[in-house]
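Let's take a walk through this one together. Have the sequence and the structure open side by side as you read.

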2 protein chains.
Amino acid sequence: MANERKAVIVGAGLVGALWAVILAKRGYQVDVYERRADFRQAGYVGGRSINLALSERGWKAVEIAGIREKIEAVAIPMPGRMMHGTDGALTYQPYGEEGQAIYSVSRGGLNIELVNIADEFSQVRFHFNQACLGVDLDNSSVRFEDTRTGVQYAIESDLIFGTDGAFSPVRQSLQKLPRFNYSQQYIDYGYKELCIPPNEDETHRMHTNGLHIWPRGQFMLIALPNVDGSFTCTLFLPFEGEASFENLKSEVQVMAFFEKYFPDVIPLMPTLVQDFAENPTSALVTVRCNPWHYHHKILLLGDAAHAIVPFFGQGMNCGFEDCTILDSLMDKYEENWPAIMEEFSANRPEDSNAIADLALLNFIEMRDKVADPKFLLWKKSKSTCTSGSRRSFNRCIQW
Amino acid sequence: MANERKAVIVGAGLVGALWAVILAKRGYQVDVYERRADFRQAGYVGGRSINLALSERGWKAVEIAGIREKIEAVAIPMPGRMMHGTDGALTYQPYGEEGQAIYSVSRGGLNIELVNIADEFSQVRFHFNQACLGVDLDNSSVRFEDTRTGVQYAIESDLIFGTDGAFSPVRQSLQKLPRFNYSQQYIDYGYKELCIPPNEDETHRMHTNGLHIWPRGQFMLIALPNVDGSFTCTLFLPFEGEASFENLKSEVQVMAFFEKYFPDVIPLMPTLVQDFAENPTSALVTVRCNPWHYHHKILLLGDAAHAIVPFFGQGMNCGFEDCTILDSLMDKYEENWPAIMEEFSANRPEDSNAIADLALLNFIEMRDKVADPKFLLWKKSKSTCTSGSRRSFNRCIQW
């Protein structure tokens with residue numbers, strides 16, 4: 001029986017790789033197809049990633065996969081946030097009680113670790129360099145192109161998981177179905193990855209165990225620690241307007257902007273100007289769709305089903321939670337996939353939509369707060385950011 | 001100068017054909033590509049159309065094209081609506097003052113007429129059997145496949161209009177752009193085309209000059225007259241639930257349903273059972289997107305930009321109004337297309353979104369009204385549908 005159960009996973013990203021582990025542990029034969037080259041050899045293409053904060057919601061799935069210790073090895077606990085004022089003053093705020101933390105993980109590092117763990121199962125096979133071209137809904141097969149040879153082919157399966165991200169080709173095929181509801185909405189802000197490299201002795205150049213935030217009202221910079229001693233930094237900024245990416249085209253403009261708003265960062269970022277020019281300015285999208293499954297054979301998970309903006313730090317965690325819920329539904333329905341998919345697709349979107357809304361609302365609130373004198377007062381005064389006013393701070397930055 | 005101005009129109013539907021006429025009148029060389037075979041020879045494929053009600057909003061564009069008389073020849077004035085009670089009683093309500101009317105046009109008849117009119121211009125060329133595969137945004141070209149030969153090719157143009165309908169391939173290409181907002185939302189109702197053929201002497205079997213409605217609370221049937229003496233009928237019904245398409249699978253079920261709710265229609269529809277089985281059950285979608293243009297070279301119009309549900313009778317009229325507004329912007333900006341597209345794409349979506357909302361709201365109101373005792377009272381009593389209560393009737397059926 002165990003050998004008869006087969007599944008195809010489209011996309012070896014975070015959710016796809018974790019889901020492969022969970023299915024493999026249950027005895028499924030899993031084939032994972034991935035557009036990119038094997039990033040364990042080819043290197044993880046960076047330049048547009050935002051570091052992730054693994055929270056309880058995500059750890060649950062990691063525990064179900066039985067790999068908590070392995071993931072902890074690439075994760076850095078952040079028991080609090082470190083706010084950087086324009087004057088360089090630091091304010092540290094614990095997130096919760098002693099021992100509680102969210103965990104910084106680099107997308108690349110975590111993805112490589114998850115693929116390695118999945119690859120240890122004999123019944124998991126990874127197929128890299130295989131770009132999904134879409135799904136043939138009639139015969140439940142996925143079309144791929146080998147990006148090295150150009151050869152196109154189709155793989156049939158009665159159990160196909162689309163974990164192929166916010167721009168999912170699997171979902172694009174579903175989108176052509178009558179009665180498939182779909183929405184992609186961008187906000188007017190973009191983001192750019194920047195980097196604070198390690199010291200020569202591979203230690204961090206700032207406090208290691210914290211999520212660093214430079215809140216500046218209409219925009220902000222964040223920095224999350226990596227295990228190699230570096231920080232992955234992300235600048236969130238409007239595309240257009242006075243302080244915007246549109247107005248940061250030249251080296252001089254970039255330096256003047258950082259000198260004005262982030263002076264303490266400049267000495268920590270030796271490649272600032274270069275990174276700013278070379279790394280893309282990426283957009284931030286919310287994707288909602290329904291239904292998530294097709295004929296009980298094809299199911300969307302993670303960003304493919306519900307991409308959200310990052311201001312709640314819950315994108316990956318929600319995708320991992322999809323795995324947790326599916327795992328419990330597999331128990332509940334004894335791996336009867338029609339029943340599992342029906343319940344999952346009927347109930348889960350409400351939760352993911354709620355988190356999508358919270359992420360957007362929080363961003364709007366944060367953006368609007370700048371016009372509020374209380375917010376400006378809070379920015380000027382470290383004291384308002386401690387003890388009593390944590391709630392108001394939380395409203396501004398949910399990370 | 002006049003001969004240098006060229007445009008490509010993707011889609012020879014209602015808006016595409018009308019827009020070709022308006023551009024041709026201004027001296028543009030226009031190439032219109034259409035996926036379908038020439039419906040003037042091949043016949044217009046019916047079975048899933050809803051007759052259209054041309055209103056003032058739409059006539060304006062027809063007048064700009066200088067073809068009012070030709071369109072009036074295929075349009076039947078409907079100065080009022082004729083409501084059919086379950087007991088067969090008829091109630092006629094004028095829409096407005098003496099001489100005011102909306103005009104019934106069959107989609108096929110109007111489309112053929114518009115293509116014929118456009119074809120009279122020497123500088124308009126129609127290319128049928130050419131399926132759009134998408135747009136290459138980098139070099140502003142449209143990819144087509146000749147559906148008879150399978151040959152694929154691309155046409156470059158600095159002025160491309162996507163009038164290719166609610167499932168627009170042109171829009172699908174734009175949808176992959178960062179910061180392209182897009183939404184397709186279906187309602188839980190479907191529709192099915194049915195037919196009341198003419199009498200043997202080619203006269204109408206019901207009152208000619210009226211929009212016939214059989215309102216039944218949760219669902220309704222409508223019938224609009226055609227110039228050949230027939231009526232195109234449309235049944236709007238939930239996909240699932242007690243009274244639903246799901247429960248109308250057999251001949252017996254269909255007949256029982258019509259005998260219960262539309263007994264007066266049965267003798268008028270000799271092919272009812274056959275039509276019900278053969279014509280598809282189609283879905284009703286609202287499409288919203290933004291921006292409508294790309295690099296001032298590609299512009300979406302009509303359903304490709306803003307498909308709406310039919311309960312306001314404004315889908316085609318809105319598409320025609322796009323043409324009216326663009327025509328006035330061509331005057332305002334002296335055919336400076338970047339300026340025209342900027343203003344059109346910045347302002348027009350707000351109006352089309354408003355109409356999309358009204359169409360949906362009206363449908364929700366209509367659907368919910370059934371639980372309202374006043375609505376039931378209104379259904380039972382002809383008198384409440386005349387004189388004083390026109391407003392409440394209008395709330396229920398906006399046509």
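**A buried salt bridge, and outward from there**

B:Arg26 and B:Glu335 are both buried. Keep in mind that this is a predicted model. The two side chains meet in a salt bridge, with N and O 3.2 Å apart. This pair ties together distant parts of the chain, 309 residues apart: B:Arg26 is in the loop between α1 and β2 (29-33) of chain B, and B:Glu335 in the loop between α10 and α11 (337-369) of chain B. Over in chain A, A:Arg26 and A:Glu335 belong to a network of salt bridges together with A:Arg5, A:Asp327 and A:Asp331.

Searching the whole structure turns up 42 salt bridges over all chains, so let's look at a couple of others in chain B. B:Arg143 pairs with B:Asp136, their closest N and O atoms being 3.2 Å apart. Here B:Arg143 counts as partly exposed because its relative accessibility is 30%, and B:Asp136 is partly exposed too, at 29%. B:Arg148 forms a salt bridge with B:Asp146, with 3.1 Å between the closest N and O atoms. In that pair B:Arg148 counts as exposed, at 58% relative accessibility, whereas B:Asp146 counts as buried, at 11%.

Now for the helices. Which residues of helix α3 (residues 56-64) of chain A are buried? They are A:Gly58, A:Trp59, A:Ala61 and A:Val62. Looking down the axis of α3(A), these buried residues fall within an arc of 160°, so they line one face of the helix. The general background is that an α-helix has 3.6 residues a turn, so residues three or four places apart point the same way. As for what that face meets, the buried residues of α3(A) pack against α1 (14-25), β3 (52-54), α4 (68-72), β7 (102-105) and α10 (315-332) of chain A. After α3(A) comes A:Gly66, which has a positive phi, near 75°.

Over in chain B, try helix α5 (residues 107-119). With 13 residues at 1.5 Å a residue, α5(B) should span 18 Å, and its end C-alpha atoms are indeed 18 Å apart. Its buried residues are B:Gly108, B:Leu110, B:Asn111, B:Leu114, B:Val115, B:Ile117 and B:Ala118. Those residues pack against several elements of chain B, among them α1 (14-25), α4 (68-72), β8 (124-127) and α10 (315-332).

Back in chain A, a loop residue deserves a stop. A:Asn226 is in the loop between β15 (220-225) and β16 (231-238) of chain A. Is A:Asn226 buried or exposed? At 8% relative accessibility, A:Asn226 counts as buried. Its side chain makes a polar contact of 2.9 Å with that of A:Thr232. Setting aside neighbours within four places in sequence, the residues in contact with A:Asn226 include A:Asn51, A:Ile76, A:Ser106, A:His204 and A:Phe231.

Next, some backbone oddities. Most residues other than glycine have a negative phi, and most peptide bonds are trans. A cis peptide bond joins A:Asn290 and A:Pro291, with omega about 0°, and A:Pro291 lies in the loop between β17 (282-290) and β18 (293-294) of chain A. In chain B, the bond from B:Asn290 to B:Pro291 is also cis, with omega near 0°; B:Pro291 lies in the loop between β17 (282-290) and β18 (293-294) of chain B. A:His295 is not a glycine, yet its phi is positive, about 50°. A:His295 sits in the loop between β18 and β19 (298-300) of chain A and counts as exposed, at 54% relative accessibility.

B:Arg179 has a positive phi as well, about 70°, although it is not a glycine. B:Arg179 lies in the loop between α6 (169-174) and β13 of chain B and counts as partly exposed, at 24% relative accessibility. This residue brings us to the interface: A:Asp188 forms a salt bridge with B:Arg179, the closest N and O atoms being 3.9 Å apart. Across the interface of chain B and chain A there are 4 salt bridges and 11 residue pairs in polar contact. Strand β13 (residues 181-196) of chain B gives the largest share of the side of chain B that touches chain A, 7 residues.

How much area do chain B and chain A bury between them? About 1,500 Å², 38% of it on carbon and sulfur atoms. B:Arg179, B:Gln184 and B:Tyr186 supply 42% of the area that chain B buries against chain A, more than any other three residues.

Conventions:
Residues numbered from 1 in each chain as written. Chains lettered and ligands numbered in written order. Predicted model: local features only at pLDDT ≥ 70, side-chain atom pairs only at ≥ 80, totals over all residues. Heavy atoms only, no water. Buried < 20%, exposed > 50% of the residue type's maximum accessible area, 1.4 Å probe, protein only. Helix = DSSP H or I, 4+ residues; strand = E, 2+ residues; numbered from the N terminus. Arc of directions from axis to C-beta. Contact = heavy atoms within 4.5 Å. Expected span 1.5 Å × (residues − 1). Buried area = accessible area lost by both parts, 1.4 Å probe. Polar contact = N/O pair within 3.5 Å; in protein donor to acceptor, adjacent residues only side chain to side chain.
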